[in-house]
Amino acid sequence: AMADELGDTFFDSLLQSRVLDVALPRLTADTTSPWWHRQGGSGEETRAQIVADAWRASLAHLREQFGDDPAAWQWGRAHTLTHTHPLGQQQPLAWLLNAGPYAAPGSHEVPNNLSHKIGPAPWQVVYGPSTRRLVDLADASTALGSNPVGQSGVPFDPHYADQAAGHVLGV
């Protein structure tokens, strides 16, 4: 509904902002909003037509990405987390230094806030919790904690990424 009016650059900026959290509920509630009309269209488009077109395009995209069987579409195949080492942004170092990809539960605005950019699948996690802690306030000395990757921070050390799989699951 908004991409054709805003153009690629402004629409991408919108997708990266928190404005959508407020704008989308307001837009979907207003059947007469001018946003529902396509630029260059007949001016007769309705919210129902735009949503139906988006639904069909989404299903086609998911089939292309994950196959024809919707029962096989698993969130963890589409939503993944890779802990990228600064040098791991280039191959072959990525294979050696990055931890992941891990199937990631969670999403935006949920307790396990492993969030991703809005847009086409796949959805790589772009931010999440920096640590996990369990603290018994009656005995703080028994507190447990983990960080997103591992304890050592030293590549090839056995503890370099030993907490990554549990951290992504909220363990």
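Which residue forms a salt bridge with Asp-53, the closest N and O atoms being 2.6 Å apart? Select Arg-56, which is that partner in this predicted model, and display helix H3 along with the pair, since both residues lie in H3, three residues apart, or about one turn of the helix.

**Salt bridges**

Keep Asp-53 selected and add Arg-38, with which Asp-53 forms a further salt bridge whose closest N and O atoms are 2.2 Å apart. This pair links distant parts of the chain, for Asp-53 belongs to helix H3 (residues 47–66) while Arg-38 sits in the loop between H2 and H3, 15 residues apart. With a surface displayed, Asp-53 counts as partly exposed at 29% relative accessibility, and Arg-38 is likewise partly exposed, its relative accessible area being 34%.

Next, select Arg-18 and Glu-109, whose side chains meet in a salt bridge with an N to O distance of 2.3 Å. Arg-18 lies in the loop between helix H1 (3–15) and helix H2 (20–29), and Glu-109 in the loop between strand S2 (99–103) and strand S3 (115–116), so the pair ties together parts that are 91 residues apart in sequence. Arg-18 is partly exposed, at 48% relative accessibility, whereas Glu-109 has a relative accessible area of 52% and is therefore exposed, the cut-off for that class being over 50%. The structure holds four salt bridges in total.

**The largest pocket**

Move now to the largest pocket, which contains about 1,100 Å³ of space. To centre the view, select Ala-1, Phe-11, Ala-54, Ser-58 and Ile-118, which are the closest to the pocket's centre among the 32 residues that line it. Colouring by helix is useful here: H1, H2 and H3 each supply at least two residues of this lining, and the largest share, eleven residues, comes from H3. If the lining is coloured by residue class instead, 22 residues are nonpolar, five are polar and five are charged.

**The second largest pocket**

For the last stop, select Leu-15, Gln-16, Ser-17, His-116 and Tyr-127, which lie nearest the centre of the second largest pocket, itself lined by 13 residues. The elements that give two or more residues to this lining are H2, S3 and strand S4 (123–127). The volume of the second largest pocket is about 260 Å³, and its lining residues divide into five nonpolar, five polar and three charged.

Methods. Residues numbered from 1 in each chain as written. Predicted model: local features only at pLDDT ≥ 70, side-chain atom pairs only at ≥ 80, totals over all residues. Heavy atoms only, no water. Helix = DSSP H or I, 4+ residues; strand = E, 2+ residues; numbered from the N terminus. Buried < 20%, exposed > 50% of the residue type's maximum accessible area, 1.4 Å probe, protein only. 1 Å grid on protein atoms, 1.4 Å probe; cavity = no way out; pocket = protein on both sides within 12 Å on 5 of 7 lines; lining within 4 Å. Points joined across faces, edges and corners; volume = space filled by probe spheres on them. Nonpolar A, V, L, I, M, F, W, Y, C, P; charged D, E, K, R; others polar.
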